[in-house]
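The exercises below are meant to be worked through with the sequence and the coordinates open side by side. Each one sets a task and then gives a solution in steps.

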Amino acid sequence: MLVTILRNLVFYPVFYSVAAAMVLLGGLGSLFSRQIARSAADAWSNWHRWCCRWLLGIKVVQEGGPAPGAALYAIKHESFFEAIDLPHTFDGPVPFAKEELYRIPGWGTIANAYGSVAVARNEGAVMLRRMIKEAKGFAADGRPMIIFPEGTRVPHGSRPNLQAGFAGLYKMIGVRVIPVAVNSGELYHRFWKRSGTITIRFGEPIEPGLPRAEAERLVHEAINALND
């Protein structure tokens, strides 16, 4: 436990101080160039992965990988790890992110310039139509789109139902869905983060056009594949 505490006492100030500078400079730079926004996000994610490996002692094992072309990636969400890791794992990912995150100074500016879809949960059908329109534009550009279909972070081992919006996106966007299982919760979803191995497992693509219940069942099973 002492080693774990010492690792965390180093990780928090080192990672967040550098990350804050990256977000600030990236936010300013993104006002002039989308490429600066992308470079800042990539650097932030790569820095986080480095800090996890060498400061926290967390190794990352990836089984499979992103597919070429546009796809909607449905990812298990156990901690902030997988959210921060997106630019490291994917090439130009488009996350579906909570609207509140766009209010963070610098982060919102980068996210808008980088390319993302804001999720305003209290807007209902209006939100879904806007999200679908924006997502179709990103799909036309061939960019990978990222959604956490459970809606929020969940403890490792839990299997909540998928949020209702997932089925609407699957039906209306019309691209493959690739489920991704992540077991970060046991190590990362806590104040004293522990060393160990996080696995990122890409499942088999789910083609568009399946009945809603079948698509949800396949995604639910695949993203929970690392729960056992």
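**Exercise 1.** In this predicted model, decide whether Thr89 counts as buried or exposed, and describe its surroundings.

*Solution.* Begin with the accessibility: the relative accessibility of Thr89 is 13%, and because buried means under 20% relative accessible area, Thr89 counts as buried. Next, place the residue in the fold, where Thr89 belongs to helix 4, which covers residues 86–89. Then look at the side chain, which makes a polar contact of 2.7 Å with the side chain of Asp85. Finally, setting aside residues up to four places away in sequence, list the residues that Thr89 touches, namely Arg49, Gln62, Pro66, Ile200 and Phe202.

**Exercise 2.** Determine where Asn183 lies and which backbone atom its side chain reaches.

*Solution.* First locate the residue: Asn183 sits in the loop that runs between strand 6 (177–182) and helix 8 (185–188). Although it is a loop residue, Asn183 counts as buried, since its relative accessibility is 15% and the cut-off for buried is under 20%. Now collect its contacts beyond four places in sequence, which are Glu78, His156, Thr197, Ile198, Thr199 and Leu226. One of these, Thr199, offers its backbone nitrogen, which the side chain of Asn183 reaches at 2.7 Å. As a check on distance, the C-alpha atoms of Asn183 and Trp47, which are 136 residues apart along the chain, are separated by 20 Å.

**Exercise 3.** Establish which strands pair with strand 5, and in which sense.

*Solution.* Take strand 2 (residues 71–75) to begin with: strand 2 and strand 5 pair in the parallel sense over 4 bridges, and within this pairing Ala71 has Pro144 as its bridge partner. Turn then to strand 3 (residues 94–98), which also pairs with strand 5 in the parallel sense, here over 2 bridges, with Pro95 bridged to Ile146. The last step concerns the faces of strand 5 (residues 144–147), both of which are covered: Pro144 and Ile146 are buried on one side, and Met145 and Ile147 are buried on the other.

**Exercise 4.** Identify the buried residues of helix 7 and the elements against which they pack.

*Solution.* The buried residues of helix 7 (164–173) are Phe166, Ala167, Gly168, Leu169, Tyr170 and Ile173. These buried residues pack against strand 2, strand 3, helix 6 (125–140), strand 5, strand 6 and helix 9 (212–223). Following the chain onward, one finds Gly174 just after helix 7, with a positive phi of about 75°. On the other side of the helix, the loop between strand 5 and helix 7 contains Thr152, which counts as partly exposed because its relative accessibility is 39%.

**Exercise 5.** Contrast the accessibility of two loop residues, Lys76 and Phe191.

*Solution.* Lys76 lies in the loop between strand 2 and helix 3 (80–84), and with a relative accessibility of 0% it counts as buried. The side chain of Lys76 makes a polar contact with the side chain of Asn224 at 2.6 Å. Phe191, by contrast, is found in the loop between helix 8 and strand 7 (196–202) and counts as exposed, because its relative accessibility is 53% and exposed means over 50%. To complete the picture, Phe191 joins Met1, Leu2, Leu6, Leu9 and Trp192 in making a nonpolar surface patch of about 680 Å².

Technical notes: Residues numbered from 1 in each chain as written. Predicted model: local features only at pLDDT ≥ 70, side-chain atom pairs only at ≥ 80, totals over all residues. Heavy atoms only, no water. Buried < 20%, exposed > 50% of the residue type's maximum accessible area, 1.4 Å probe, protein only. Contact = heavy atoms within 4.5 Å. Polar contact = N/O pair within 3.5 Å; in protein donor to acceptor, adjacent residues only side chain to side chain. Pairing = 2+ DSSP bridges. Patch = residues over 30% accessible without salt bridge, like charges linked within 9 Å, V, L, I, M, F, W, Y side chains within 5 Å. Areas by Shrake-Rupley, 256 points an atom, 1.4 Å probe, with all protein chains shown as cover. Salt bridge = Lys/Arg side-chain N within 4 Å of Asp/Glu carboxyl O.
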